[in-house]
Amino acid sequence: MRLLVTGGAGFIGANFVHQTVAQRPDVTITVLDSLTYAGNRASLDPVADKIDFVHGDIADMDLVDELISGVDTVVHFAAESHNDNSLNDPWPFVQTNVVGTFSLLQAVRRYDVRYHHISTDEVYGDLELDDPERFSESTPYNPSSPYSATKASSDLLVRAWTRSFGVRATLSNCSNNYGPYQHVEKFIPRQITNLIDGVRPRLYGEGRNVRDWIHVDDHNSAVWAIIEKGRIGQTYLIGADGEQNNKAVVGMILEAFGRPADDYDAVTDRAGHDLRYAIDSSLLRDELGWTPSYRDFRSGLEATVQWYRDNEAWWRPQKATTEKNYAAQGEATL
């Protein structure tokens, strides 16, 4: 298989490339990444001699056309993805998530290339904390931020190109990922790196907001199951039954550092902060036979803490800029 991975220098994409190189030596990989602040070429250093890397933008239609003409399959990870950033400046999210997806769809349509689209559970909005329901493939879209709205828009483009033009596409909407190579602006790595630097964690509001956590390796193994066995036109939700509220996650991180679970500062809540995400991945598990490997969130989180302890050279260059940006926004929160 000749594979094009967009956003392959980002968090989930880089882990996907690592996993693919390790487990599928018959796959030829080209990575396309624009190396914005969230893309890090160093994330691909361990596999640099086993892939082709192209520095470019998915909204560059000529470049995208040239690359897709020479591959069999596209896996589209590239996205602007940080909610706080989307509230401060929505335009890059429209450009990358909507225009960039359009560019890819036009090219895979032209060359009849298999396409898998990576999306998020945030397109569904949120659930009440005491709601017994979870998101499923039939849940109506109800995005609440510019980030989730642009991801919802990209999903709808894929569905339309599949139905109208016969594009051979599948989609997946995943819950919150954690693991190695995640940018330090994100919730878990920011708390970890703050603690490494002797800074107390900061928690929005009461910390009651619930996220459904999945290790990035489990997400990527599910993506491969969909590429190989998924039904064209079908959306699959990817989750590992990892619901935890933010207070509990911070407590586990603190305990991994030998600190009391309540050793954090509460700060003003984020505007429009979604209450709860929860994924029903029954279709993926029943139809494709996928199951997660990381079933114990605490142990996966402890391994992630250790990775950031062991890989300071990777995250340290990002840290000062990230904290400066938060300070410029008048906040030092997550």
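Helices here are DSSP runs of type H or I with at least four residues, numbered from the N terminus, and in this predicted model helix α2, which spans residues 61-68, is the element in which Glu66 is found. With a relative accessible area of 56%, Glu66 counts as exposed, because the cut-off for that class is over 50%. Glu66 also belongs to a negative surface patch, whose other members are Asp57, Asp60 and Asp62.

From this patch the reader may turn to strand β10, residues 235-238, which is covered on both of its faces. Thr235 and Leu237 lie on one side of the strand, Tyr236 and Ile238 lie on the other, and all four of these residues are buried. Strand β10 pairs with strand β6, residues 169-174, in the parallel sense and over four bridges; within this pairing, Tyr236 of β10 has Ser172 standing opposite.

Two loop residues deserve a look at their backbone angles. Most residues other than glycine have a negative phi. Tyr181, however, has a positive phi, near 70°, although this residue is not a glycine. Tyr181 is placed in the loop that runs between β7 (176-178) and α6 (187-196), and its relative accessibility of 13% makes it buried, since that class takes in values under 20%.

Asp241 likewise has a positive phi without being a glycine, here with a value near 55°. The place of Asp241 is in the loop between β10 and β11, the latter covering residues 243-245, so that the path along the chain leads back to the strand whose two faces are both covered by buried residues.

Terms used
Residues numbered from 1 in each chain as written. Predicted model: local features only at pLDDT ≥ 70, side-chain atom pairs only at ≥ 80, totals over all residues. Heavy atoms only, no water. Patch = residues over 30% accessible without salt bridge, like charges linked within 9 Å, V, L, I, M, F, W, Y side chains within 5 Å. Areas by Shrake-Rupley, 256 points an atom, 1.4 Å probe, with all protein chains shown as cover. Salt bridge = Lys/Arg side-chain N within 4 Å of Asp/Glu carboxyl O. Lys, Arg positive; Asp, Glu negative; His and termini not counted. Charge placed at Lys NZ, Arg CZ, Asp CG, Glu CD. Buried < 20%, exposed > 50% of the residue type's maximum accessible area, 1.4 Å probe, protein only. Pairing = 2+ DSSP bridges.
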